[in-house]
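Please report on the ligand site, one sheet and the unusual backbone spots of this model. The sequence and structure come next.

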Amino acid sequence: MTHKTSPGLATSMKDKLIQQALERRLRKTGDGAPSPSLEGIKGAPREEFGQFCRFDQFPGYQQLRIMLDGAARFGLANPFFKLHEGLAGAETVMGGSRYVNFASYNYLGYSGHPVVAEAAKAAIDQYGTSVSASRPVSGDRPIHRELEQELARLYEVDDAITFVSGHATNVTTIGYLFGPRDLILHDELIHNSVLQGIQLSGARRLSFAHNDWEAVDRVLSDQRQHFERVLVVLEGIYSMDGDFPDLPRFVELRSKHQVLLMVDEAHSLGVMGQTGKGIREHFGLAGGDVDIWMGTLSKSLASCGGYIAGESALVEHLKFLAPGFLYSVGMPPSVAAAALAALRCLPEDGERVATLQARGRQFLELARDAGLDTGTSTGLAVVPVITGSSLKATQLSSALSRRGINAQPILHPAVPEKSARVRFFVSCLHTPEQIAETVAIVAQELQKL
Ligand SMILES: Cc1ncc(COP(=O)(O)O)c(C=O)c1O
């Protein structure tokens, strides 16, 4: 991957221009660049409304173009949609070159694991590549039920349901279960899928400061009485920051205020706890301490999809009535089989979990020693290096790419501009040498910016 430069412009001047362009863009909150507005054309001839039907005039698209065109003009390689030519594990090949890879959720190395791959292939041979309709209509395959029973066992709860997408799991579950008489409280860093679900539900939404259970206690003392159902939503490990909530405190609030508690384990399953059973194992909690256990199959479990685990009434309700399940195709058998195989490997693979945790700790400790800003990361699989601006994050990612390291910049609006970062996902497949060398290179390259 080459980093092109614009001839004739000094680097410092170029940087200044990019920064100014970014700042201009960021100041234009909401609407971005000039785009059609109803003001001024009310009552105008019908043809003038045609501008609202032009996709190139959509405000979001205009913002995107400013960003992409600006970056291209100033010689920054597009860090998105990179083309991987094979398996993306601790290493990956792109454009014929090999990179140490910190941009995949293959935390336990199960994507590419022969047992997992074999299970997926066998399921295709047995059931074909699709179930071709929703499960209530076209029927289950044994593999769906086995996966759900295995997930329920992991959480020590009654039952589980799997969906074809992790994102859709949150959207449809929250969107369907809650309504305008309800309140949903969520951590300010909660994943977009939860926010979309809340919006769909029509419930009142309040966010609380990151991991601040005392703030939740105060809000609930004040507000609980005004709502029917109240849901508090957390993540097991926060995907941008690599830290986790004090879950036992939230469990206390659950009974104190009579609210429902939901934990999204997308990044904590396979990563936390001695045997990778997630945040529940880390804190030694019971399955019933949380009402809605949610997780994705796309990360540690090397597949695709999401799940909800909990009591029978919850799971049965979703299976018969949640639109994202009822009106959407069932998970392809090969996808269910891959997740099930990974899940069944987990109890035998304590070594992988321990290695993942050790590599993450090593990354974090070395990064801190090198003076890098790793925010609140605990070193559990996700370690950000905060650069302080989207421009710097893009430049750092680009510089790392030139040195054979693949790590993704996270830019505004995914995070606030001042906490733009390059995010490192650690895998149990990384060697201690790869980690040490990467941190050293990050420190060198950051210093040059
Ligand atoms: C916390 C969290 N929840 C849900 C999702 C959505 O999962 P998926 O990508 O499997 O659809 C993600 C994705 O990264 C996530 O980080």
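Where is the place of P413? P413 sits in the loop between β12 (408-410) and β13 (421-425). The model is predicted, and this loop holds a backbone feature to look at. A cis peptide bond joins H412 and P413. Its omega is about 10°.

A second backbone feature involves E156. This residue is not a glycine, yet its phi is positive, at about 55°. E156 belongs to the loop between α5 (142-155) and β3 (159-163).

**The ligand site**

The ligand takes up the space of the largest pocket. Around the ligand stand 14 residues. The closest are H167, D264, H267, S298 and K299. By class, nine residues of the shell are polar, three are charged and two are nonpolar.

Polar contacts to oxygen atoms of the ligand come from side chains and from the backbone, as tabulated here.

| Residue | Protein atom | Distance to a ligand oxygen atom |
|---|---|---|
| K299 | side-chain N or O atom | 3.0 Å |
| G166 | polar backbone atom | 3.1 Å |
| Y105 | polar side-chain atom | 3.5 Å |

Taken alone, the ligand exposes 390 Å². The protein buries 85% of that area.

K299 thus appears twice in this account. It is listed among the closest residues, and its side chain places an N or O atom 3.0 Å from an oxygen atom of the ligand.

**The three-stranded sheet**

Which strands form the open sheet, and in what order? Three strands do, in the order β1-β2-β11, with mixed pairing. β1 (91-94) and β11 (405-406) are the edge strands. Each has a single partner strand, so one side of each is left without a neighbour in the sheet.

Strand β2 covers residues 97-101. Two bridges join β2 to β11, and these two strands run parallel. Which residue of β11 is the bridge partner of N101? The partner is N406. In general, strands of a sheet pair through backbone hydrogen bonds, either parallel or antiparallel.

Technical notes. Residues numbered from 1 in each chain as written. Predicted model: local features only at pLDDT ≥ 70, side-chain atom pairs only at ≥ 80, totals over all residues. Heavy atoms only, no water. Near = heavy atom within 4 Å. Polar contact = N/O pair within 3.5 Å; in protein donor to acceptor, adjacent residues only side chain to side chain. Areas by Shrake-Rupley, 256 points an atom, 1.4 Å probe, with all protein chains shown as cover. 1 Å grid on protein atoms, 1.4 Å probe; cavity = no way out; pocket = protein on both sides within 12 Å on 5 of 7 lines; lining within 4 Å. Sits in = over half its atoms within 2 Å of the grid points. Nonpolar A, V, L, I, M, F, W, Y, C, P; charged D, E, K, R; others polar. Pairing = 2+ DSSP bridges. Helix = DSSP H or I, 4+ residues; strand = E, 2+ residues; numbered from the N terminus.
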